[in-house]
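Open the model in your viewer and keep the sequence panel visible. The stops below say what to select and what is there.

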Amino acid sequence: MFAGNLLKIAFLRGKHMKKILLVLTCIALQAVLVSQADAADPKKGRRIYNQYCISCHGSEGQGDGDRAKNEQLDPRPRVHANGDYMNMIPSMRFFRVIKFGGKAMNFSHIMPQWQHILSDEQIIDVIAHIRSLAIPAYDPKLVRGCMIPVPESERQGPIKR
Ligand code: HEC
């Protein structure tokens, strides 16, 4: 019993620590991103997106790429065009997910990691492109926070063919 409770506490702590670490890395990454955001090049970002991301996320960021459809990916690739959701999320969270993969945010491992393929600068460029896909348009004033959960409607089931 006692050991069980101890384990439970240790587990909760672990979860808690993970959250704190997430928030801290988010803050640390934000400093890097803010200093580099001006240099971001959405045109370069579009080329990277078209090469590596379009197959799942679709050309206009509708989450309807060929792989999303053919492989019936579930959860579906994020709809980058959904400004109502995307505009609330700080760029450093996208940076984290793109660099280290979906699992870095407890998202699906279907979202690959790109740290061995894309440089940090390229990731920043691709985020600038993703921002340009948002409807309504992205405005930094809309950003809310790192830990904003993904609405269930965004993750539900594979997309229809
Ligand atoms: C094999 C398919 C696949 C490819 C290729 C892919 N993604 Fe994803 N991506 C996903 C899926 C699936 C999710 C949703 C994960 C979830 O909700 O658990 C996702 C989620 C995301 C998110 C959401 C982060 C958030 O905080 O909501 C971003 C940003 C993203 N992808 C960017 C990219 C970029 C940039 C590329 C190309 C460099 C890329 N993805 C390539 C499948 C893919």
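Start at the ligand and select the residues around it: there are 25, and C53, C56, F107, S108 and M111 come nearest. A residue counts as near a molecule or strand if its C-beta atom, placed from the backbone, lies within 6 Å of it. This is a predicted model, in which local features need pLDDT of at least 70 and side-chain atom pairs count only at pLDDT 80 or more, while totals for chains, interfaces and linings use all residues. Residue numbers run from 1 along each chain as its sequence is written.

Colour the ligand shell by residue type: 17 are nonpolar, four polar and four charged. Here Ala, Val, Leu, Ile, Met, Phe, Trp, Tyr, Cys and Pro count as nonpolar, Asp, Glu, Lys and Arg as charged, and the others, Gly among them, as polar. Two elements, α3 (54-57) and α6, give two or more residues to this shell. The largest share, four residues, comes from α6.

Now zoom out to the whole protein. It has eight helices and zero strands; these are DSSP runs numbered from the N terminus, helices being H or I over at least four residues and strands E over at least two. Of the 161 residues, 24% are buried. Buried means that 20 or more other C-beta atoms lie within 10 Å of the residue's own; with 12 or fewer it is exposed, in between partly exposed, and C-beta atoms are placed from the backbone.

Select helix α6, residues 91-100. Is α6 enclosed by the rest of the structure, or open? Seven of its 10 residues are buried, so α6 is largely enclosed. The buried residues are S91, M92, R93, F94, F95, V97 and I98. Step past the end of α6 to G101, whose phi is positive, near 90 degrees.

Add helix α7, residues 120-132, whose axis comes within 10 Å of that of α6 and crosses it at roughly 120 degrees. The α6 helix is therefore oblique to α7. Axes are lines fitted to C-alpha atoms, for helices over the stretch in contact, and angles run from 0 to 180 degrees between N-to-C directions. Angles under 35 degrees count as roughly parallel, over 145 as roughly antiparallel, 65 to 115 as roughly perpendicular and the rest as oblique.

To see the contact, show S91, F94, F95, I98 and K99 of α6 with I123, V126, I127 and I130 of α7. These residues divide into seven nonpolar, one polar and one charged. Contact requires C-beta atoms, placed from the backbone, within 7 Å of each other.

Stay on α7 and bring in helix α2, residues 42-52; the two pack at about 90 degrees with their axes 7 Å apart. That makes α2 roughly perpendicular to α7. From α2, select P42, K44, G45, R46, I48 and Y49; from α7, select Q122, D125, V126, A128, H129 and S132. By type, this contact has five nonpolar, four polar and three charged residues.

Finish on D125, which lies in α7. Is D125 buried or exposed? It is buried, with 24 other C-beta atoms within 10 Å. Leaving out residues up to four places away in sequence, D125 touches A40, D41, P42, K44, G45 and I48. Draw a C-alpha to C-alpha distance from D125 to K44: it is 6.2 Å, although the two are 81 residues apart in sequence.

Notes
Two residues are in contact if their C-beta atoms, placed from the backbone, lie within 7 Å.
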